[in-house]
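Biologist: I'd like to learn how to read a fold like this one. Could you walk me through it, a feature at a time?

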Amino acid sequence: YDGSDVFGENVGAYVPAKYYNEETKDELKRKIYDQYQQLAGYDSFACKVNYLDYVKAWKYYGSAYYFAEPITNKIFGKEFPKEVVLGVNAKGVLIIDPGTLDLLQEFPYSEIVTWGFSAKNLVFVVGNLVRSRKMFFETEEGVEINSLIYAYVNKLMTVGDNMIKDEGAGDMDM
C-alpha cells in the first residue's frame with residue numbers, strides 16, 4: 001500500500017461492520033489494496049468468474065433460510081438456542097444461530113438418510129443405515145423446505161446416475 005488514500009472515507013461501506021473499526025481501518029485498506037494489485041491485468045469478466053468461483057466454496061452460498069424451533073434444545077449433545085435458522089442449499093442443510101450467525105451444525109445430503117414434514121413440523125434422520133438419529137423442528141415452512149431438499153437430492157442422484165452410466169459405457173469395449 002503506497003499510502004495514498006484511494007478509498008477516502010468509504011472503506012467502511014465495503015467491509016462488514018464486525019470487521020471494521022478505526023483501529024483496523026489502515027490495515028484493511030492495505031489488505032484490500034494488496035488484493036486489488038494482484039488483479040492487475042485481468043479483465044472484468046475474468047474477475048467476475050474468479051469471484052463466483054470463490055463464493056461458491058462458501059458453506060452458506062446459495063442457501064434459502066427458514067426460521068425453525070428445535071423440539072428439544074439439545075441435538076447430538078449440542079445446546080441449541082430456542083430458535084434457529086435452517087439454511088438449505090445444494091450441498092446440504094445448515095443449522096445457524098440467528099443471533100450470532102454462527103454455524104451450529106452442518107449436514108451434507110450424504111448424511112441425511114431421510115426427512116419428513118407435517119403442517120407444523122420437520123424431521124431429519126441423519127447418520128447412516130446402521131446408526132442414525134432424528135432431529136425434530138417446529139416450522140411453518142415444512143412443505144417448502146421439503147420441496148427444496150427433494151429437488152437438490154433428486155438433482156444429485158440424477159448427476160450421480162449419469163456419472164455411473166458414463167463410466168459404465170467405457171467398459172463396453174468389444
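Modeller: Let's start with one pair: Val-125 stands opposite Lys-134 in strand 9. Before going further, this is a predicted model, where local features need pLDDT of at least 70 and side-chain atom pairs count only at pLDDT 80 or more, while totals for chains, interfaces and linings use all residues. Residues are numbered from 1 along each chain as its sequence is written, and side-chain values use heavy atoms, with hydrogens and water left out.

Biologist: What counts as a strand, and when do two strands pair?

Modeller: Strands (E, at least two residues) and helices (H or I, at least four) are DSSP runs, numbered from the N terminus. Two strands pair if DSSP finds at least two bridges between them. Here, strand 8 and strand 9 (residues 132-138) run antiparallel and are joined by 7 bridges. Another of the partners is Asn-121, which bridges to Glu-138 in strand 9. The two strands make a hairpin, with 4 residues between them.

Biologist: Which residue in strand 8 is the bridge partner of Gly-116?

Modeller: That's Val-123. Strand 7 (residues 112-117) pairs with strand 8 in the antiparallel sense over 5 bridges, and a hairpin of 3 residues joins them.

Biologist: Is strand 8 mostly covered or mostly open?

Modeller: We call a residue buried under 20% relative accessible area, exposed over 50%, and partly exposed in between (1.4 Å probe, protein chains only). Strand 8 (residues 121-127) is mostly covered, with 5 of its 7 residues buried. For strand 5 (residues 92-96), 5 of its 5 residues are buried.

Biologist: Which strands does strand 5 pair with?

Modeller: Strand 4 (residues 84-88) pairs with strand 5 in the antiparallel sense over 4 bridges, with Val-88 opposite Val-93. A hairpin with 3 residues between the strands links these two. Strand 5 is also joined to strand 6 (residues 103-108) by 5 bridges, again antiparallel. There, Ile-96 has Leu-103 as its bridge partner. The strand 5 to strand 6 hairpin has 6 residues between its strands, and Leu-101 in the turn has a positive phi of about 65°.

Biologist: In what order do the strands form the sheet?

Modeller: The order is 6-5-4-1-9-8-7: 7 strands in an open sheet, with antiparallel pairing. Strand 6 and strand 7 are at the edges with a single partner strand each, so one side of each has no neighbour in the sheet. On average, neighbouring strands of this sheet are turned by 30° against each other, direction ignored. For that angle, axes are lines fitted to C-alpha atoms, for helices over the stretch in contact, and angles run from 0 to 180 degrees between N-to-C directions.

Biologist: What about the helices? Why does Asn-146 count as buried?

Modeller: Asn-146 is in helix 4 (residues 142-169), and it counts as buried because its relative accessibility is 17%. Leaving aside neighbours within four places in sequence, Asn-146 is in contact (heavy atoms within 4.5 Å) with Trp-115 and Phe-117.

Biologist: And Tyr-54: buried or exposed?

Modeller: Tyr-54 counts as exposed because its relative accessibility is 53%. Tyr-54 belongs to helix 3 (residues 44-56).
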